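Colleague: I would like a close look at a single part of this model, the place where three helices pack against one another. Please take the helix pairs in turn and say how each is arranged and which residues make the contact.

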Amino acid sequence: MANPGYGKRSAPGQRPVTGHDFAHLLPRDAAIASYIDGLCEGADISVKTLAKVLPYGQCALRTSLNRLQEEGHLRRGSECVATEEALIWVTRTFFSRTTRDDEWWAAYTRGDVPQEQQQRATRSRSFILLAALGRTAPSLSLSEAHCVRLEPQVSEWFERGATEAEIMCALTQGLPAQVYSPVAFVGRRLLDKLPPARITPVREVVLRTLECSECRAPGSPEAMRGGVCGACRGKPGDAPRGPAGAVPVEGVRARMSAVRAGLASREAAGNTAVPRTRTY
């Protein structure tokens, strides 16, 4: 395990584990990704630690981790965590079994993770619950037409924050000895026991940033394409700012060295022209 605040941090909203999660990666990268995926939260996944347990050297591991980052499985960054005393920034290594693009990582950094687009089910959540009602209470078995008829009422329960278990409990508890019309009975209970709308909790403010995997410089998610900043990707820097004739940033050191050399030569010349006298 890593020190508190460091180590693996799993990204949310991942698909279930399958045998081909990393089939699109190179064999070594897939083996490393599979090993990291099986580690618990907060596990140390630094290059030095991985080299002690995996049959790869540090250089090979560093290369594979960079490739996992390019494929959208990994990002490095920092996150603000609240403690009882203060707010502190901790280092995180975010890992996702599911491949994510740069836009998804940018949304995750802002704390606004987009929902995965799932294939539309042939039947709604409400219809499936009504169709399964007869397995829990045989006297409430409904036909397909009855399920379609009651479907909007169950959907309203879901919109108010109710769960499947709560709806099933409301419909099946305290049943009479005989139910003559299941559709009328279920419809009446859905109406009479309709819960009030639940207040949505305020979304927690997330303070999180990403850093370049090459130079470790922090930056905005939009600038970290593939987890690498623009400078390390070879993107040309911004135009030099300042008044005309200003020394560029990269030339300041050379200019100062030249000034020092000039001052040293003047001082040496002055010492030669005016010899010092000594009094004995």
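Modeller: What follows goes through the three helix pairs and then turns to the main pocket.

The model is a predicted one. Two packed helices are described by the angle between their axes and the distance between the axes, and each pair is treated in those terms below.

Begin with helix H7, residues 144-159, and helix H9, residues 182-192. Their axes lie 10 Å apart, at an angle of about 15°. An angle under 35 degrees counts as roughly parallel, so H7 is roughly parallel to H9. The crossing of this pair is left-handed. On the H7 side the contact is made by His146, Arg149, Leu150, Gln153, Val154 and Trp157, and on the H9 side by Val183, Val186, Gly187, Arg189, Leu190 and Leu191. By class, these residues divide into seven nonpolar, three polar and two charged.

Helix H8, residues 164-172, packs on H7 with the axes 10 Å apart and an angle of about 130°. That angle makes H7 oblique to H8. Here the crossing is right-handed. Val154, Trp157 and Phe158 of H7 meet Glu164, Ile167 and Ala170 of H8. The contact has five nonpolar residues, one charged residue and no polar ones. Val154 and Trp157 of H7 thus appear in the contact with H8 and also in the contact with H9.

The remaining pair is H8 and H9, with axes 9 Å apart and an angle of about 120°. H8 is therefore oblique to H9. H8 and H9 cross in a right-handed sense. The residues that meet are Ile167, Ala170, Leu171 and Thr172 in H8 and Phe185, Val186, Arg189 and Leu190 in H9. Six of the residues in this contact are nonpolar, one is polar and one is charged. Ile167 and Ala170 of H8 touch H9 and also take part in the contact with H7. In H9, Val186, Arg189 and Leu190 meet H8 and are likewise among the residues in contact with H7.

The pocket can be described briefly. The largest pocket has a volume of about 440 Å³. It is lined by 20 residues, of which Ser46, Val47, Arg76, Thr93 and Arg216 are the closest to its centre. At least two lining residues each come from helix H2 (47-53), helix H3 (58-70), strand S2 (74-82) and strand S3 (87-95). The lining consists of eight charged, six polar and six nonpolar residues.

Conventions
Residues numbered from 1 in each chain as written. Predicted model: local features only at pLDDT ≥ 70, side-chain atom pairs only at ≥ 80, totals over all residues. Heavy atoms only, no water. Axes fitted to C-alpha atoms, helices over the stretch in contact; angles between N-to-C directions. Helix = DSSP H or I, 4+ residues; strand = E, 2+ residues; numbered from the N terminus. Parallel < 35°, antiparallel > 145°, perpendicular 65-115°, else oblique. Left-handed = near helix turned anticlockwise from the far one by under 90°. Contact = heavy atoms within 4.5 Å. Nonpolar A, V, L, I, M, F, W, Y, C, P; charged D, E, K, R; others polar. 1 Å grid on protein atoms, 1.4 Å probe; cavity = no way out; pocket = protein on both sides within 12 Å on 5 of 7 lines; lining within 4 Å. Points joined across faces, edges and corners; volume = space filled by probe spheres on them.
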